[in-house]
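The report below walks through a few parts of one structure for a reader who has not met it before. Please keep the sequence and the model in view while reading.

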Amino acid sequence: MRIHVLQFTKNAFDLSGVVIWPILYASIAYYLLGAKNDPRLLLSASLGAAVMTMWSLVVVGSSGALENQRWQGTLELLVAAPVPFSVALAPITIASGVVGAYSLVATLVWGTLLFGVPLSIDAPFAFALAVPMCALAVGSLGLMMAATFVLYRAAFHLGIAMQYPVWLVTGLLMPLSLLPAPVRPLSWFLAPTWGFRAIRAATLGGSPWADIGMCVVLTVVYFTAGTVFLRVFEHLARARATLRLT
């Protein structure tokens, strides 16, 4: 995981995501809501923008890392290694979540400096626990998504396309009450929903512990399901001879 975090710091595209995306997302949230006189709503919007950045870094970072493995010719070596492929792949997605946790801090700082969003945390200890648990849960969701990326050569493009549906269905861009009723239950199975709720409750007041617990449960579920999916999709990719790019 440390190696992949260091790789993030050497990649200009990833650095632009860490530096620029938080500013853009915070600005979008600020002007989209138009709630200049409601500090709590602005802070909640900043937190939602931060979790948006975290998910983007995870899904784009993991898909980009897999595509780089294909370009470098090392993906088939990882698959053929005696170590389970999920163990080799998990640090990539979790490292993306760790870098995304930094983006949360950056989003809050830029929201305070640019838009005067008051930064006050109601429960600092719960906040300090909610942020890494959110990063871990979102990173584990990225692991499950990465199983699909192994199957397709255009992994990077698929990763970019997966950003927006998750933003919408988890309530990061708009309240879930605005979505059609059949769509709302999908948010229960996605980590950004519970991670955002936990961070928001710890910041604005409320009990974040149930939401943190859901992040723990989903982390276990995602890792277990991701391991199974990786085995299945790895077998299909080898059967179709699609691991190599050239």
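Val19 lies in helix α2, which covers residues 12-19, in what is a predicted model. With a relative accessible area of 46%, Val19 counts as partly exposed, because that class lies between the limits of 20% for buried and 50% for exposed. Val19 also belongs to a nonpolar surface patch of about 460 Å², which it makes together with Ile20, Leu24, Ile28 and Leu32. The largest share of this patch, three residues, is supplied by helix α3, which covers residues 21-33.

A contrast to this surface residue is offered by Phe8, whose place is in helix α1, residues 2-10. Phe8 has a relative accessible area of 8% and is buried, since the limit for that class is under 20%. Although Phe8 and Ala95 are 87 residues apart in sequence, their C-alpha atoms are 8.8 Å apart in space.

Two helices can be set side by side by their residue counts and by the distance between their end C-alpha atoms.

| Helix | Number of residues | Expected span | End-to-end C-alpha distance |
|---|---|---|---|
| α6 (residues 85-115) | 31 residues | 45 Å | 44 Å |
| α10 (residues 191-204) | 14 residues | 20 Å | 20 Å |

For α6, the span expected at 1.5 Å a residue agrees with the distance found in the model, and for α10 the reach is likewise close to the expected value. Each of these helices is followed by a glycine with a positive phi: Gly116 comes after α6, with a value near 70 degrees, and Gly205 comes just after α10, with a value of about 110 degrees.

How is α10 placed relative to the rest of the structure? Twelve of its 14 residues are buried, so α10 is largely enclosed by the rest of the structure. Among the buried residues of α10 are Trp194, Phe196, Ile199 and Leu204, as well as Thr203.

Thr203, which is found in α10, has a relative accessibility of 3% and therefore counts as buried. The side chain of Thr203 reaches the backbone oxygen of Ile199 at 2.7 Å. In an α-helix there are 3.6 residues a turn, so residues three or four places apart point the same way. When residues up to four places away in sequence are not counted, Thr203 touches Leu43, Leu47, Ser120, Ile121, Asp122 and Phe127.

Conventions: Residues numbered from 1 in each chain as written. Predicted model: local features only at pLDDT ≥ 70, side-chain atom pairs only at ≥ 80, totals over all residues. Heavy atoms only, no water. Helix = DSSP H or I, 4+ residues; strand = E, 2+ residues; numbered from the N terminus. Buried < 20%, exposed > 50% of the residue type's maximum accessible area, 1.4 Å probe, protein only. Polar contact = N/O pair within 3.5 Å; in protein donor to acceptor, adjacent residues only side chain to side chain. Contact = heavy atoms within 4.5 Å. Expected span 1.5 Å × (residues − 1). Patch = residues over 30% accessible without salt bridge, like charges linked within 9 Å, V, L, I, M, F, W, Y side chains within 5 Å. Areas by Shrake-Rupley, 256 points an atom, 1.4 Å probe, with all protein chains shown as cover. Salt bridge = Lys/Arg side-chain N within 4 Å of Asp/Glu carboxyl O.
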